[in-house]
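Take the model below and follow the text with the viewer open. The route goes from sheet to core to pocket, and ends with the backbone geometry.

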Amino acid sequence: MKNIIVILGTRPEAIKLAPVILELKKRNDCNVYVCNTEQQKELSNQTLSFFGIIPDFKLDVMQPNQTLAGVQSRILTALSSIFEQNKFDATIVQGDTMTVFCGALVSFYNKVPLFHVEAGLRSYDLFEPFPEEAMRQMTARIASLHFAPTELAYTSLIKENINAEKIHMTGNTVIDALSCLSDDVILKAEKSISDRNIVLNDKLTLITVHRRENHGERLDSILKAIKQLANDFSDHQFILPVHPNPNVRDKVKSELALVSNVILTEPLDYPELVTIMKHAKLVLTDSGGIQEEAPTFGAPVLVMRYETERTEGIKAGFARLVGADYDKILSEARFILSRDISETRLDGHNNPYGDGKAANRIVDIIEEFLK
């Protein structure tokens, strides 16, 4: 049997690769090894646990206030050791993190075919998002199979002279992951949310902010806008799961901890996040995955970035770019929050990112490749 290693390290990677891992294991045609670099240690392990996935390798590479070069060197060294001690016939990575790029490099150095899930996303600005745009472009030069989630992603790879036979448009596995949420899981999530004093009604705003390019003055501007919105809409609740990065956490708590209708929580687990998204009147985010998930529930999204590689949601009317622009965040958010949720809800059946069958397509293609 063939040996496949799936390398991940962040919560979004765990969410988006879980359907692929589960489908591979269900078919029982190969040995599947899961490596968690633990780039987001608690969040990634928590999410894998929800899907019933136990990593075969845990690398624990992160250190406080590390540099990009430092974390890259640690991930590369740890992965190299795993590849030296094991024989793999293929590597699967997802997205555009340091874990992805290091997984790609180590596979290349060991002449192991690389399969890239969610390939072809582009902003074509190397500093928006930073460093992810560079990571995914460099990974594209190494991959043997490119699983593009959308037609736009497929077209981007073609324009970059990637061999069309290596590119497959599959949809995004993040939509597959949503179908794993049973009624019992949702009920438990609702109870947990209630225990956090969050009322699941039609006056919820979900906020997530963590991206490296939003640190510093941009984060100051975003938090100032959130504080003003909370003051303007005192009958609404603003839910902000606080990212563990101290560069984010300390500023968020300093600015918003005393605002009565802003609820700062520890990072939510995946079912909790989805449950709040399902009820949210508005989503304010700089996350990539949430831009893809929120349309399923019809929640309008304001993207707090100046560039996004997920332009399909913007073209379809699910999202708007507002950057870290204080005035733009306020004007766009006020337009939505001042209306009833029935007036601003969108048709979730038109989610441009997938139909929930991406993992099946991906595994079919992998099996054919390995034959």
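Which residue of β6 stands opposite Phe115? In this predicted model, the residue opposite Phe115 is Leu145 in β6. The two strands concerned, β5 (residues 114–117) and β6 (residues 145–148), are paired in the parallel sense over three bridges. β5 also runs parallel to strand β4 (residues 90–94), and four bridges join these two. Here Gln94 has Val117 of β5 as its bridge partner. Both faces of β5 are covered, with Leu114 and His116 buried on one side and Phe115 and Val117 buried on the other.

These strands belong to an open sheet of seven strands, in the order β3-β2-β1-β4-β5-β6-β7, with parallel pairing. The edges are taken by β3 (57–58) and β7 (167–169); each has a single partner strand, so one side of each has no neighbour in the sheet. In general, strands of a sheet pair through backbone hydrogen bonds, either parallel or antiparallel.

Two buried positions can be picked out around this sheet. Thr139 lies in helix α5 (residues 132–140). Its relative accessible area is 0%, so Thr139 counts as buried. Beyond its neighbours within four places in sequence, Thr139 is in contact with Val100, Phe101, Ala104, Leu114 and His116. Leu114 and His116 are the buried residues on one side of β5. The other position is Gly9, in the loop between β1 (2–8) and α1. Gly9 is also buried, with a relative accessible area of 0%. Apart from neighbours within four places in sequence, Gly9 is in contact with Asn36, Thr37, Glu38, Gln39, Gln40, Ser44 and Thr99. Gly9 and Lys58 are 49 residues apart in sequence, while their C-alpha atoms are 9.2 Å apart in space.

A further pair of strands is formed by β8 (residues 204–208) and β9 (residues 237–241), which pair in the parallel sense over three bridges. In this pair Leu204 stands opposite Gln237 of β9. Five of the five residues of β8 are buried. Leu204, Leu206 and Thr208 point one way from the strand, and Thr205 and Ile207 the other way.

Contacts to β8 come from Leu282, which lies in strand β11 (residues 282–285). Leu282 has 0% relative accessibility, so Leu282 counts as buried. Not counting residues up to four places away in sequence, Leu282 touches Leu204, Thr205, Leu206, Pro300, Leu302, Ala333, Ile336 and Leu337. Along the chain Leu282 and Asp202 are 80 residues apart, yet their C-alpha atoms are separated by 9.6 Å.

How are the nonpolar residues grouped? In soluble globular proteins, nonpolar side chains tend to be buried together. The largest nonpolar core here has 55 residues, and Ile4, Ile92 and Val283 have the most contacts inside it. Helix α1 (residues 11–27) supplies the largest share of this core, seven residues. A second, separate core has 29 residues, including Ala230, Leu240, Leu284 and Ala333. Val283 touches Leu206, Met277, Ile290, Ala294, Ala299, Pro300, Val301 and Leu302, leaving out residues up to four places away in sequence.

Pro300 leads on to the second largest pocket, which has a volume of about 230 Å³. Of the 14 residues lining this pocket, Pro300, Gly317, Arg320, Phe335 and Ile336 lie nearest its centre. At least two lining residues come from each of β12 (301–303), β13 (319–321), α14 (326–337) and α15 (341–344). α14 gives the most, with three residues. By class, the lining has eight nonpolar, two polar and four charged residues.

The last stop is the backbone. Most residues other than glycine have a negative phi, and most peptide bonds are trans. Glu128 and Pro129 are joined by a cis peptide bond, with omega about 0°. The bond from Phe130 to Pro131 is cis as well, with omega near 0°. Pro129 is placed in the loop between β5 and α5, as is Pro131.

Which residues other than glycine have a positive phi? Glu38 has phi near 60°, and Lys111 has phi of about 55°. Glu38 is found in the loop between β2 (30–36) and α2 (41–50), and Lys111 in the loop between α4 (98–109) and β5. Are these residues buried or exposed? Glu38 is buried, at 3% relative accessibility, whereas Lys111 is exposed, with a relative accessible area of 79%.

Notes. Residues are numbered from 1 along each chain as its sequence is written. This is a predicted model: local features need pLDDT of at least 70, side-chain atom pairs count only at pLDDT 80 or more; totals for chains, interfaces and linings use all residues. Side-chain values use heavy atoms; hydrogens and water are left out. On a 1 Å grid over the protein atoms alone, a cavity is a set of points where a 1.4 Å probe fits but cannot get out, and a pocket is an open set with protein on both sides within 12 Å along at least five of seven lines; lining residues have an atom within 4 Å of a point. Grid points are joined across faces, edges and corners, and a volume is the space filled by probe spheres set on the points. Ala, Val, Leu, Ile, Met, Phe, Trp, Tyr, Cys and Pro count as nonpolar, Asp, Glu, Lys and Arg as charged, and the others, Gly among them, as polar. A nonpolar core is a set of buried Ala, Val, Leu, Ile, Met, Phe, Trp, Tyr and Cys residues joined through side-chain atoms within 4.5 Å. Buried means under 20% relative accessible area, exposed over 50%, partly exposed in between (1.4 Å probe, protein chains only). Contact means heavy atoms within 4.5 Å. Two strands pair if DSSP finds at least two bridges between them.
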